[in-house]
Every structure is written in C-alpha cells, then in structure tokens.
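Subject: Handover of a structure and notes on its interior

Dear colleague,

Please find below the structure that I am passing on to you. My notes on what was found in it follow directly after.

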Amino acid sequence: MAITLKSGTSWADAWQRCLAVAPEAFRDDRVLNLWNGAWQADGRALPATSPVDGSPIAGPPRLDADVAHQAVRASLDQHRAWRHIPLPERRARVAATLDALTQHRELLALLLVWEIGKPWRLAQADVDRAIDGVRWYVDGIDDMLGDGERTPLAGPVSNIASWNYPMSVLVHAMLVQALAGNAVIAKTPTDGGVSCLTLACALAAREGIPVTLVSGSGGQLSEALVRAPEIGCVSFVGGRDTGAAVATDVADLGKRHILEQEGLNTWGIWNFTDWDKLTAALPKLFDYGKQRCTAYPRFVVQREAFDDFLAAYLPAVRTLRVGHPLAVEHPDDPYPALDFGPLINAAKAKELHDQVAEAIDRGAVPLHRATADPALFLPGQDTSAYVHPVTLLGPPPSSPLHHAEPFGPVDTIVLVDTEAELLAAMNASNGALVATLSTDDEATYERLAPQVRAFKVGHGKPRSRGDRDELFGGFGASWRGAFVGGELLVRAVTEGPSGERLPGNFPEYQLMP
C-alpha cells in the first residue's frame with residue numbers, strides 16, 4: 001500500500017497554525033525580524049525548501065549591515081533596562097515563557113521536522129530538552145548568582161548558532177542568558193530553523209524577555225553581531241573555519257566569548273570483547289543522521305579484533321530506518337519510527353556523496369552502503385537531501401573524511417596495532433568534544449583516557465553535550481573561550497569578582513572546572 005502524509009502535519013497546516021498563534025511574527029508567506037522590541041517587516045526574504053521533500057517553505061528575511069547595527073544598538077538599550085529588573089521578576093517571566101513553549105511544543109516540533117528534517121521523536125526531544133533544561137536554571141538561579149556576587153554583562157549576548165539544535169541549544173542558551181540579566185540577540189541559521197525560532201521568540205517577547213532575532217549572511221552581520229562595541233559576549237556554535245574568524249575578532253577586542261566548534265569525535269576499540277554491548281549502542285549513534293557536534297563518525301579499531309568488530313557492527317547498521325519523517329500508511333497512524341530522515345539540504349547530501357566516491361576512488365574500502373527502502377518514502381517525492389548509511393575502511397589522508405567531521409551518516413574505520421597508534425588516530429583532529437574508549441580492562445581505560453584530547457571520554461559508552469548540571473567544553477581547536485553547562489553557563493554570561501579566571505580554553509590559559 002502506498003503511504004501518505006500524516007493527517008494535519010503538512011507545511012501548510014503548520015504555517016496556518018503559526019499565523020494563528022503568533023500573528024505579530026508571521027505575515028502571509030514570510031516571517032519577520034524582531035528588534036527594538038517590535039516585529040519588523042524588513043529584510044529580503046530568501047526562498048527556501050524543506051529537506052524533507054524539496055517543497056517550498058519560509059526563508060530567512062535577510063537584513064543588511066546598517067539595519068543590523070541599529071538592532072544591536074536597540075538591544076543595548078533593552079539590556080540596560082533589563083539588567084535592573086529584580087531577579088524574581090526575571091525568573092517569573094522566563095517561567096511564563098516556558099509554559100508558553102510547553103503549550104505549543106507540538107507545533108514547534110512539527111516546524112523542526114519540516115525545516116531541518118528531524119524525525120518526530122528527535123524533534124520533540126529538542127523542544128523538551130530546551131524547556132526542561134531552562135526550568136532547571138529557573139529553580140537554581142539564586143544560588144548560581146549568589147547574593148549579588150554575579151552581575152549581568154555590560155552589553156547583550158550575541159548568539160550565532162548552527163541549524164541542528166534550534167531549541168535545545170540556541171533557545172535554551174538565550175533564555176538562561178536572559179534569566180541571568182542580559183538582553184539577548186540571535187541570528188537565525190541560514191540553513192534552517194527560522195520559523196521555529198520565530199515562534200519561540202514570539203512567545204518569549206510576549207512575556208517581556210528582551211530578545212532580538214535577525215536574519216542575514218554572516219559576512220553582512222558579523223561586524224554588528226561580533227565586533228560591535230555594544231556586544232557583551234559572543235556565543236557561537238558552528239564549524240572551525242567560521243569559528244576561527246570569530247575567535248580572531250573577539251580576541252582582538254578582548255570580548256567575552258563561548259565558541260563551540262566541530263572536531264572529529266572518535267570511538268576506540270582496544271582489548272575489548274563485550275561485542276553485544278557495542279551492537280546495542282550503535283543504532284543510537286546514528287540519531288539525526290550524525291548531524292550533531294557530538295556524533296561519532298570514526299572508529300579506531302585494534303587490527304586483531306577487526307573481524308569481531310565487524311560481526312558486531314554490520315548487523316546493527318543494517319537495522320537503521322531512514323525515510324520521510326511524516327509518511328505513514330494511514331493518515332491517523334502514529335508518526336513513523338525512524339533513526340533519521342534527510343540531511344539539512346540537497347547540497348550537503350551531494351557533497352557527502354562526492355566525498356565518499358572520491359575516498360573510494362583513492363583507496364578506501366566500502367564495507368557497507370545502504371539503499372533506500374521505498375516503503376518509507378512518499379510516491380514520487382524528492383529525495384535529493386537523503387544519504388543512507390555508508391561505512392568506509394581506511395579513508396585516505398587526502399580525503400576530508402580522514403580528518404574532519406562529515407556531519408552525516410558516514411562512518412570511517414581506521415585499524416591500529418599499538419597503543420601509540422590508537423592514541424594518534426583518536427587525536428586526529430587537534431581536539432574534540434567527546435570520545436569513547438571500549439576496553440575490558442579498567443586500568444587500561446584509566447591510563448589511556450587522559451591522553452585522548454576530548455573534553456568528555458566515555459568508557460564503553462557514548463558521551464554527549466549533557467543537560468542541566470553536566471559541564472561541556474572542548475580541547476584544542478574544538479572549543480575557544482568559556483566552558484558551559486551547569487553553573488558554568490551562568491558564570492560565562494555574568495561578571496564575577498575582579499580578576500576572575502573563567503574555566504575555559506583561552507589563548508593565554510586553559511582552566512578545567
């Protein structure tokens with residue numbers, strides 16, 4: 001039987017709900033920018049398509065540099081007023097925003113499905129993690145700020161984040177920054193998430209949160225959002241190339257900064273025999289097609305265990321389900337259970353296909369190449385943004401897959417014979433956010449794990465960004481500036497005692513919590 005779109009989940013359905021819920025922020029077929037405390041019908045709306053099926057959706061209304069500077073100056077005025085709002089009132093307004101986000105969580109999740117291709121389960125999780133995480137800060141903010149010991153920054157916090165976690169990373173950070181007494185600015189990611197962020201910011205603005213949401217190219221807006229003297233802190237999540245440029249700017253200006261950048265997260269296998277445990281862990285590693293900063297695209301495997309590794313690995317990856325996130329057999333069926341849907345766009349999918357083909361041409365060995373299951377897609381739908389799982393043995397050093405995070409469902413395997421080779425291969429990218437070492441011997445783990453250049457190293461289990469009181473940062477080129485997570489996020493966006501050295505990775509020092 002041909003499958004169909006789940007009832008009530010079309011883009012047109014989602015857009016009509018947005019117009020009804022937040023008419024001040026959505027107009028006809030476009031979203032508005034939010035600055036100077038009002039929704040503005042400015043900027044040039046770019047055309048956009050959904051990665052799910054290539055159909056048109058609302059694009060970002062891009063501002064020019066002059067208007068962006070106006071928005072930043074207006075945010076400073078908001079900041080100077082908001083920083084004097086008593087903490088109990090700030091806490092009440094943020095709590096009210098969370099109640100509104102909870103009321104509209106399904107619409108926010110549906111927008112994430114269409115805009116960035118998340119399966120329903122993961123889209124809901126992104127929304128819920130934002131809400132639950134900020135509630136934890138609402139409950140504990142008094143102790144984190146102390147008795148007037150920590151104060152807001154001199155200017156607003158500017159947020160420039162990637163598209164993959166609009167709610168649980170970007171909105172979460174913005175609301176905690178506001179709770180700590182700062183006005184907040186966010187640039188919408190160019191590749192997706194503008195409608196979800198617009199709805200979330202509309203709900204926050206109604207509660208009096210001093211939020212600014214603008215769209216535009218990085219080249220046009222960076223002077224205002226990064227270098228402007230009004231900015232008190234820059235919070236960036238994205239790739240190393242852009243991050244390095246931002247890092248240079250903030251270092252030159254001596255500006256507070258939090259720069260989370262990508263790294264090649266690795267999973268090492270050494271003197272290991274619990275293969276059932278590994279098989280059970282593998283499918284979850286493909287959540288959202290490995291389009292996240294804590295994905296594991298590289299396995300570093302002891303050569304003499306390679307046959308056992310493959311016997312555990314291949315059956316697991318063959319169970320992965322990839323398809324249209326809203327396609328069901330009957331209109332009223334539950335949402336489909338998928339491991340992931342499309343990549344963020346067709347251009348990224350083509351780039352990854354080309355990298356795989358080039359790597360094989362230069363000597364990589366394809367161990368697994370999945371194909372599409374027609375039963376998981378709508379008849380005749382555009383599938384140009386979909387990439388099915390691929391596993392390569394021995395990516396050549398000339399390939400980007402050898403040294404960089406692919407941001408897609410492509411695993412690479414490197415074989416090693418000695419502990420020195422193991423560590424060298426696990427540290428291939430000059431710093432990472434997470435890593436894992438699977439070894440039967442606890443003493444071996446305790447000896448080798450500190451030599452892996454990752455902020456978090458798991459013993460036989462994956463590590464992640466974490467929630468609530470779990471700290472997060474990176475080593476080497478994967479992170480610059482203050483670490484976050486738990487109370488460190490509040491410390492990163494507030495002023496403490498004179499001479500305070502924040503935990504983080506700075507040019508002049510590195511300080512662990």
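Two residues are said to be in contact, or to touch, when heavy atoms of the two lie within 4.5 Å. Please bear in mind throughout that this is a predicted model.

By that criterion, and setting aside residues up to four places away in sequence, proline 56 touches Trp11, Ala48 and Thr49. Proline 56 belongs to strand β8, which covers residues 56–57. Proline 56 counts as exposed because its relative accessibility is 63%, and the cut-off for exposed is over 50%. Proline 56 and tryptophan 11 are 45 residues apart along the chain, with 8.8 Å between their C-alpha atoms.

Ala48 and Thr49 appear again in the second largest pocket, where they are among the lining residues closest to the centre, together with Thr190, Asp191 and Asn345. The lining of this pocket comprises 25 residues, and the pocket holds about 350 Å³ of space. By class, its lining has 12 nonpolar, nine polar and four charged residues.

I turn next to the enclosed spaces. How many cavities of 30 Å³ or more does the structure hold? There are three. The largest cavity contains about 330 Å³ of space. Its lining is made up of 26 residues, and those nearest the centre are Val169, His172, Arg465, Val484 and Leu489. Two or more lining residues come from each of α5 (120–145), β11 (157–160), α6 (166–179), β14 (233–238) and β15 (256–261). Helix α6 provides the largest share, with five residues. The lining divides into 13 nonpolar, seven polar and six charged residues.

The second largest cavity has a volume of about 80 Å³. Residues of its lining include Thr97, Leu101, Val171, Met174 and Leu175. At least two lining residues are supplied by each of α3 (87–103), α6 and α7 (194–206). In this lining, 10 residues are nonpolar, one is polar and none is charged.

Leu101, which helps to line that second cavity, is also one of the residues that touch the most other members of the largest nonpolar core. The others named with it are Met167, Leu199, Leu278, Phe299 and Phe309, and the core has 126 residues. The element that gives the most to this core is α5, with 12 residues. Apart from this core lies another, of 21 residues, including Leu225, Ile231, Val234 and Val246. Beyond four places in sequence, the contacts of leucine 101 are Leu108, Ile131, Met167, Val171, Leu175, Ala200 and Leu203.

Leu225 also appears in helix α8 (residues 218–227), whose buried residues are Leu221, Ala224, Leu225 and Val226. Among the elements covering these buried residues are α2 (65–82), β12 (184–187), β13 (211–214) and α9 (240–253). Valine 72 is located in α2. Valine 72 is buried because its relative accessible area is 1%, where the limit is under 20%. Not counting neighbours within four places in sequence, valine 72 is in contact with Ile185, Ala224, Leu225, Ala228, Glu230 and Ile231. Between valine 72 and proline 229 there are 9.5 Å from C-alpha to C-alpha, although the two are 157 residues apart in sequence.

A further buried residue is threonine 391, in strand β20 (residues 390–393); its relative accessibility is 2%. Which side chain makes a polar contact with the side chain of threonine 391? That partner is tyrosine 313, at 2.7 Å. Outside the four places on either side in sequence, threonine 391 is in contact with Tyr313, Val365, Pro366, Leu367, His368, Asp411 and Ile413.

Finally, two backbone angles deserve a note. Most residues other than glycine have a negative phi. Tyrosine 288, however, has a positive phi, near 55°, and arginine 468 likewise has a positive phi, near 55°. Tyrosine 288 sits in the loop between α10 (275–285) and β17 (298–302), while arginine 468 sits in the loop between β23 (454–459) and β24 (479–482). Are these two residues buried or exposed? Tyrosine 288 is buried, with a relative accessible area of 2%, whereas arginine 468 is partly exposed, at 42%.

With kind regards

Note on methods. Residues numbered from 1 in each chain as written. Predicted model: local features only at pLDDT ≥ 70, side-chain atom pairs only at ≥ 80, totals over all residues. Heavy atoms only, no water. Helix = DSSP H or I, 4+ residues; strand = E, 2+ residues; numbered from the N terminus. Buried < 20%, exposed > 50% of the residue type's maximum accessible area, 1.4 Å probe, protein only. Polar contact = N/O pair within 3.5 Å; in protein donor to acceptor, adjacent residues only side chain to side chain. 1 Å grid on protein atoms, 1.4 Å probe; cavity = no way out; pocket = protein on both sides within 12 Å on 5 of 7 lines; lining within 4 Å. Points joined across faces, edges and corners; volume = space filled by probe spheres on them. Nonpolar A, V, L, I, M, F, W, Y, C, P; charged D, E, K, R; others polar. Core = buried A, V, L, I, M, F, W, Y, C linked by side-chain atoms within 4.5 Å.
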